[in-house]
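Hi,

Here is the structure I promised to pass on to you. Have a look at it first, and my notes come after.

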Amino acid sequence: MDLSALIFFSVICAASTQAPIVSVEPKAATVRQGESVSFRCQVRNSVPPVNVEWTRGNNQVLTDNIKVGPEGSVLTVSNARPGNQGQYRCVAVSSAGRGSASAVLNIKHPPKLRLTPAGPLLVRVGDTVSVQCRATGRPRPKLTWKRQDSTLQLFTTETNDVNTIQWPAIRPEDLGVYICQAENSEGVSEAKVEVFVEGEPGAPVASVTPEEVTAVEGQTVTMECQARGSPPPVITWSKLRAPLPWKSREQNGVLILENVGRQDSGQYICNATNVHGYSEAYTQMEVETPPYATCLPDQVRLQPGDTLQLQCLAHGSHPIQFTWSRVGRASLPPGAQTTTDGKLLIANVKAGLSGTYKCVASNHIGSSEALASVYVKA
Ligand SMILES: *[C@@H]1O[C@H](CO)[C@@H](O)[C@H](O)[C@H]1NC(C)=O
């Protein structure tokens, strides 16, 4: 026996009639794919000779990257792979009986994905279609579905390690490439499925340009809808959950919105219809506005020793910055405090603070100012 074996098999003679007491160190280990790990088996209270053996849970065989040291004391998994995950048991047998202890090995590994059905999918308009994305990986990966070149929300459901994308009734415009992505701390992986939709011959397929538009208040915005189909589809525009702005007009599939305001922000829908069906396409519009500022209060009378508090309010596109100044002076009085949400505070005011105070609210489109007059009794 070499020295290390002596350490692992500390035999206690007084207990020579007892079965071996076995312990394993560590009891659990987590390593990355490709790393190595060892478990040590210690046997006490036993009469030699003791036979020590390592086994795998479920009677699996030890694969070729798992080696057991001399006399069974150390089990080493080198270049760990996902299949090595599981339970390992050290069993010691002597003439006095048998003892065992086990350890659990977890292998961290990047996600692997499987799509069912794998695709490409050829489906008919109106079919109910779903694709399951199943992932393995440790830690458990986060699964998401997206459509290539699109940020539109998809209908998905998730249970355990499966994320399913579903179309209750597929439409011609659903044709495209869909990507399932799985991500954990060890990596990211993607799988794609291509969906081909066989429509009624000549069913409409609509598309809009642009799909997203940001405008500044007062501008004119145009959106164009194009539709394939036979007979040529009729195009109508509408606004999601609201009527079209009254200043809008439609011309050959083009929607023109004049002098847009903040309330015109939202989703616009092009609907192309013919005898074979209809197809919808969406444009998202955001209208940005310069700030409009007011002071609250805009007039204030104080006694010496009072605290002055003014609030500058503004609506318009965020973020909005506020700047306070005193009209006709280079700077605010000493001790004045301002906050990022537009407050001006001066404690313990004196008569000399009377005057006009100005707030300027600005965002990336423009700015607006508001005045407040302050009078402190002499
Ligand atoms: C588009 O037109 C079809 C058929 O006329 C209709 O059923 C559908 O509700 C319309 N969609 C919208 C958003 O107006």
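Below is what I found, starting with confidence and ending with one sheet.

This is a predicted model, in which local features need pLDDT of at least 70 and side-chain atom pairs count only at pLDDT 80 or more, while totals for chains, interfaces and linings use all residues. Residues are numbered from 1 along each chain as its sequence is written.

The mean pLDDT (the predictor's confidence in each residue, from 0 to 100) is 90 for the protein, and 95% of its residues reach 70 or more. Please be careful with residues 1–15, where pLDDT stays under 50. The model has 16 contacts beyond four places in sequence for that stretch, a contact being two residues whose C-beta atoms, placed from the backbone, lie within 7 Å. Where pLDDT is low, the predicted coordinates should not be read in detail.

Helices (H or I, at least four residues) and strands (E, at least two) are DSSP runs, numbered from the N terminus. Helix α1 (residues 3–8) has the lowest mean pLDDT among the elements, 44, and strand β30 (residues 355–362) has the highest, 97.

Strand β30 also belongs to an open sheet of four strands with mixed pairing, in the order β25-β31-β30-β27. Its edge strands, β25 (299–302) and β27 (321–326), each pair on one side only; strands pair if DSSP finds at least two bridges between them. Eight bridges join β30 to β31 (residues 367–376), and the two run antiparallel. Thr-356 has Ser-373 in β31 as its bridge partner.

Best wishes
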